[in-house]
Amino acid sequence: MDTDLILMEHFISRHPMQAAQELERLREEEIAAFLEAIPAGLAVKLAGLMNVYTLTKCLRRIKAGLAAEMLEKNDIQRAELLLRQADEALRTQLLGLLSPNRSQLLREKLEYPDYTVGARMLPLELPLREDMAVKDAINALRGEKGRKPSTLYIAGRDGALIGAVSMQALLLAEEDGKVSDIMETGIPKFFAGLPAESVIDHPGWYEHLAIPVVDGSDKLIGTLTLEAARKGSAETGEELAKHIMQTGSALGELYRIGLTAFLQSVSRGE
């Protein structure tokens, strides 16, 4: 089994897309057994490449801790799609195992039907407050991991959207000044409950790469890009890529043989 596992890890690391595609050929219980038997990092990687609907069927067979890790470490759109397909009991269980921030973001998105702006928005992780000093806003940005947005949105004490400021304007501003002194007001916004299709022709796209999203109480909750508004499913691009992949190669055949041997050894408890 150790040799089989080494071969599996090597193939997955070198050919992750093909590994995920070959794995999808198995039965649900076999996929679940495989994902539980390999290192969690590899399982999470494969989960990020597998067909969402296939993976959702396997979630109920996978240990809850591993399933939650897949939702925690993959992109939020994929996590949302998985939870939308899961039954209510499983969805509730997995949401309870996620980190508070991740769980809250997903709960907000799941409140809205999948055809709405709210379902397709990107959660807003770093809104600025109108009474923030420029230097404090810059320090908060430095503490954030990952790519920094080119436009930052500003909320009032009640969380309502009041304006926006570009990253460039923030960095060039006097550090002792207030964020509200340099913000732009009157920016467009979308209500989360609107059908995404209804905002595709909005004139705001001519000036903005993303447009803020608010809930029924005008609270700032996310941003929407034109690409996301047009997107019927996060699976579309992924599925297209898989369909144009060449399958049945010698490497894929060797992987299938190794996968079968590995699963047999798992079932025997070796």
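These legends accompany several close-up views of a predicted model. Residues are numbered from 1 along each chain as its sequence is written, and side-chain values use heavy atoms, with hydrogens and water left out. Because the model is predicted, local features need pLDDT of at least 70 and side-chain atom pairs count only at pLDDT 80 or more, while totals for chains, interfaces and linings use all residues.

**View 1. The whole chain, with its 16 helices and seven strands.** Helices (H or I, at least four residues) and strands (E, at least two) are DSSP runs, numbered from the N terminus. Of the 270 residues, 43% count as buried, where buried means under 20% relative accessible area, exposed over 50%, and partly exposed in between (1.4 Å probe, protein chains only). The accessible surface comes to about 14300 Å², and carbon and sulfur atoms own 51% of that; areas come from the Shrake-Rupley method with a 1.4 Å probe, and for residues only the protein chains shown count as cover. A contact means heavy atoms within 4.5 Å. Among contacts between residues at least 6 apart in sequence, 67% join residues at least 24 apart.

**View 2. Helix α6 packing against helix α8.** Here α6 (residues 64–73) and α8 (residues 88–97) pack at an angle of about 75°, their axes 9 Å apart. That makes α6 roughly perpendicular to α8. Axes are lines fitted to C-alpha atoms, for helices over the stretch in contact, and angles run from 0 to 180 degrees between N-to-C directions; under 35 degrees counts as roughly parallel, over 145 as roughly antiparallel, 65 to 115 as roughly perpendicular, and the rest as oblique. From α6, look for Ala 64, Gly 65, Ala 67, Ala 68 and Leu 71, which meet Gln 93, Leu 94 and Leu 97 of α8. By class, this contact of α6 with α8 has six nonpolar, two polar and no charged residues. Ala, Val, Leu, Ile, Met, Phe, Trp, Tyr, Cys and Pro count as nonpolar, Asp, Glu, Lys and Arg as charged, and the others, Gly among them, as polar.

**View 3. What surrounds the buried side of α6.** Leu 66, Ala 67, Ala 68, Met 70 and Leu 71 are the buried residues to find in α6. Their cover includes α3 (28–37), α4 (40–47), α5 (52–59), α7, α8 and α9.

**View 4. Helices α7 and α9.** With axes 10 Å apart, α7 (residues 76–85) and α9 (residues 100–110) pack at an angle of about 60°, and are therefore oblique to each other. The contact brings together Ile 76, Ala 79, Glu 80, Leu 83 and Arg 84 of α7 with Arg 102, Leu 105, Leu 106, Lys 109 and Leu 110 of α9. These residues divide into six nonpolar, no polar and four charged.

**View 5. Thr 223 in strand β7.** Thr 223 sits in β7 (residues 220–225) and is buried, with a relative accessible area of 11%. Leaving aside residues up to four places away in sequence, Thr 223 touches Met 121, Leu 122, Leu 124, Tyr 153, Ala 210, Ile 211, Pro 212 and Val 213.

**View 6. Asp 218 in the loop between β6 (210–214) and β7.** Asp 218 has a phi near 70°, a positive value in a residue other than glycine. Most residues other than glycine have a negative phi. At 22% relative accessibility, Asp 218 counts as partly exposed.

**View 7. Glu 108 of helix α9.** Glu 108 counts as buried, at 16% relative accessibility. Between Glu 108 and Gly 222 there are 9.8 Å in space, C-alpha to C-alpha, although the two are 114 residues apart in sequence.
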